Amino acid sequence: MPPCAMSSDVAVEVSALAINVTVPEDLRWTDTRRGEEFLLTTLNVRLLPDGHLAAKAYGRPTAGGRGAYVSFPVPAREELVSLVSDAADRAAQLWSAHRGPG
């Protein structure tokens, strides 16, 4: 993506666009890392420079406590792929309607 010119003719390079998405309860899943089971409840979705999306999942240990902040791959389940795509579309709508700094 080429840099965008600001009104002062200074190029602005956006290095990342990312959103956090809550996984609906019926789509949540568990995964294990370092012998500890986690319930995955949040996705971090990034827009890559080539226009594709990348997502990682985060959650809490099922045994309780905070646990480590560890990322997990998002399974290629149709409903999760759809959630990632729908979230990106919604974020695009919100970004395009921004009203500038508060």
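The protein chain in this predicted model is built from one helix and seven strands. Reading along the sequence, the strands come before the helix, in the pattern β-β-β-β-β-β-β-α. The chain has a radius of gyration of 17 Å, well over the 13 Å that the globule rule gives for 102 residues, so it is more spread out than a compact globule. The C-alpha trace spans about 55 × 30 × 25 Å along its principal axes.

A few whole-chain numbers help to set the scene. Of the 102 residues, 23% count as buried. The accessible surface adds up to about 7,600 Å², and carbon and sulfur atoms account for 53% of that area. As for charge, there are 10 positive and 12 negative side chains, with the centres of the two sets 8 Å apart. Contacts also link parts of the chain that are far along the sequence from each other: among those between residues at least 6 apart, 41% join residues at least 24 apart.

Now to strand β5, which covers residues 36–47. Strand β3 (residues 17–22) is one of its partners, joined to β5 by six bridges, and the two run antiparallel. In this pairing, Val-21 sits opposite Leu-43 of β5. Strand β4 (residues 29–33) is also antiparallel to β5, with five bridges between them. Here Thr-30 faces Leu-39 across the pair. A further partner is strand β6 (residues 53–61), which pairs with β5 in the antiparallel sense over nine bridges. Across that pairing, Thr-42 of β5 has Tyr-58 of β6 standing opposite.

Two of these pairings are hairpins, and each has a turn worth a look. In the hairpin of β4 and β5, two residues lie between the strands. Arg-34 belongs to this loop, and its phi is near 50°, a positive value in a residue other than glycine. Arg-34 is also out in the open: its relative accessible area is 72%, which is over the 50% cut-off, so it counts as exposed. The hairpin of β5 and β6 has five residues between its strands, and Gly-51 in that turn takes a positive phi of about 95°.

Back inside β5, Thr-41 makes a good place to zoom in, as this residue lies within the strand. The relative accessible area of Thr-41 is 18%, and because the limit for being buried is under 20%, Thr-41 counts as buried. What does Thr-41 touch, leaving aside residues up to four places away in sequence? The list is Val-21, Thr-22, Val-23, Arg-28, Tyr-58 and Gly-59. Some of these names fit with the pairings above: Val-21 is the residue that stands opposite Leu-43 in β5, and Tyr-58 is the one opposite Thr-42. Arg-28 is another contact of Thr-41. These two residues are 13 apart in sequence, yet their C-alpha atoms are 5.9 Å apart in space.

Definitions and conventions
Residues numbered from 1 in each chain as written. Predicted model: local features only at pLDDT ≥ 70, side-chain atom pairs only at ≥ 80, totals over all residues. Heavy atoms only, no water. Helix = DSSP H or I, 4+ residues; strand = E, 2+ residues; numbered from the N terminus. Buried < 20%, exposed > 50% of the residue type's maximum accessible area, 1.4 Å probe, protein only. Contact = heavy atoms within 4.5 Å. Pairing = 2+ DSSP bridges. Rg over C-alpha atoms; globule rule 2.2 N^0.38 Å. Areas by Shrake-Rupley, 256 points an atom, 1.4 Å probe, with all protein chains shown as cover. Lys, Arg positive; Asp, Glu negative; His and termini not counted. Charge placed at Lys NZ, Arg CZ, Asp CG, Glu CD.
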